[in-house]
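Reader: I've got a model open on my screen and I'd like a guided close look at one small part of it. Start from a single spot, then show me how it fits with the rest, please.

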Amino acid sequence: MKREVKKAVKGYNTIDGNGVHLVRVLGNKTYDDFDPILMLDSFDTKNYDDYKGGFPLHPHRGIETISYIYQGAMEHGDSLGNKDMISDGEVQWMCAGSGIMHEEILPKSDRMLGVQLWLNLPKNNKMTTPNYKAIKNSEIKEIDIKGGKIRLLAGKFESQSGYLSKYLPLDYYDIHLKSGESFSLDVENNASIMLFTLIGEIEISNQIYTEKTAIKLSNGNKVEFSAKTDTQVLFISSIRLDEQIAWGGPIVMNTKEELYEAFRDLDNNTFVKEKIEGF
């Protein structure tokens, strides 16, 4: 059975971090529909002033943040002592787990184009040990398809494998299609699948979806869409958690008490359970 569109959410312009202009697509009003994806922000600008402030040091707990920078760069630093930079087509994958402090600096580039999504952690893994992984271009397979290509950012595509998520299955593809071409893929019937139109427009069941739109698909065993323009579509597939959440800013737990505890830890300087000496 072909999957249909269950919900479509068009992003809106907002400002976050230290004055960073971005398009917020998913957030605390959409998490149930897009479970386990909590948030999705998109960056797309050629103006350095829109992002030069970056995201100064801030906390996270209970989630994984996955940043895909197709054009541009992102420098990462955190309380585990990790210092790294991704650029032009690479992925930054950070598991906040029990608590981490990190910063993201955005160096000047010709264009800043990419997304950051928040992936919820299952209840039993909320307080896992934090970690950081950079998925470099050498680890990302590019697979030719009719009318375009797929960049396998994580998970599996047919017989090919990329970086495998530890806590939730996640297939994450960057699909490039030329105008007029179509994409079709057999999938598991109950997988939680969404598309995001990073660049261009697509058509699903005679309905056109414009750029910077998140599209949650119904259950079914086949995903199909066609490109109305040259397009770049992000395909994200996981499983629903169907767990209660308590969300406060950069922290997502399962109960209000767990959330209050996180903020008490911040006040008491006990938030970060794993850190380098002197942090």
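Where in the chain's strands is the place of Ala134?

Author: Ala134 has its place in strand β12. Helices (H or I, at least four residues) and strands (E, at least two) are DSSP runs, numbered from the N terminus. Before going on, some ground rules: this is a predicted model, where local features need pLDDT of at least 70 and side-chain atom pairs count only at pLDDT 80 or more, while totals for chains, interfaces and linings use all residues. Residues are numbered from 1 along each chain as its sequence is written, and side-chain values use heavy atoms, with hydrogens and water left out.

Back to your residue. Ala134 counts as buried because its relative accessible area is 13%; buried means under 20%, exposed over 50%, and partly exposed in between (1.4 Å probe, protein chains only). Leaving out residues up to four places away in sequence, Ala134 touches Asp84, Ile86, Val91 and Glu139, where a contact means heavy atoms within 4.5 Å. Ala134 also sits 9.6 Å from Ser67, C-alpha to C-alpha, with their positions 67 residues apart in sequence.

Now zoom out to the sheet. Seven strands form an open sheet in the order β2-β3-β4-β11-β6-β9-β12, and the pairing is antiparallel. Its edge strands are β2 (12-16) and β12 (131-135), each of which pairs on one side only. From one strand to the next, the twist averages 25 degrees (axes are lines fitted to C-alpha atoms, for helices over the stretch in contact, and angles run from 0 to 180 degrees between N-to-C directions). Two strands count as paired if DSSP finds at least two bridges between them. In general, strands of a sheet pair through backbone hydrogen bonds, either parallel or antiparallel.

Inside that sheet, strand β6 (residues 63-71) and strand β9 (residues 90-95) run antiparallel and are joined by six bridges. Ser67 turns up again here, standing opposite Gln92 in β9.

Both of those strands also feed the packing. In the largest nonpolar core, 30 residues in all, Leu26, Tyr172, Met194 and Phe196 touch the most other members. At least two core residues come from each of β3 (20-26), β4 (37-45), β6, β9, β11 (112-120), β14 (148-154), β19 (192-199) and β24 (231-238). There is also a second, separate core of 23 residues, with Val187, Ala191, Ile215 and Ala227 among them. By core I mean a set of buried Ala, Val, Leu, Ile, Met, Phe, Trp, Tyr and Cys residues joined through side-chain atoms within 4.5 Å. If you click on Tyr172, its contacts beyond four places in sequence include Ile66, Tyr68, Val115, Leu117 and Phe235.

Follow Ile215 and you land on strand β22 (residues 213-217), where five of the five residues are buried. Thr213, Ile215 and Leu217 point one way from β22, while Ala214 and Lys216 point the other way. That fits a general pattern: in a regular strand the side chains alternate between the two faces of the sheet. β22 has antiparallel partners too: strand β1 (residues 5-10) over five bridges, and β19 over three. Ala214 is the residue to click on, since it stands opposite Val9 and is also the bridge partner of Phe196.

Another buried spot is His60, in strand β5 (residues 55-60). Its relative accessible area is 3%, so it counts as buried. A polar atom of its side chain lies 2.9 Å from the backbone oxygen of Pro250. (A polar contact is a pair of N or O atoms within 3.5 Å; within protein, one must be able to donate a hydrogen and the other to accept it, and residues adjacent in sequence count only if both atoms are side-chain atoms.) Among the other residues His60 touches are Met94, His102, Trp118 and Phe271.

And the whole chain? It has two helices and 26 strands. Its radius of gyration is 18 Å, close to the 19 Å that the globule rule gives for 279 residues, so the chain is as compact as a globular protein of that length. That radius is taken over C-alpha atoms, and the rule is 2.2 Å times the number of residues to the power 0.38. Buried residues make up 54% of the 279.
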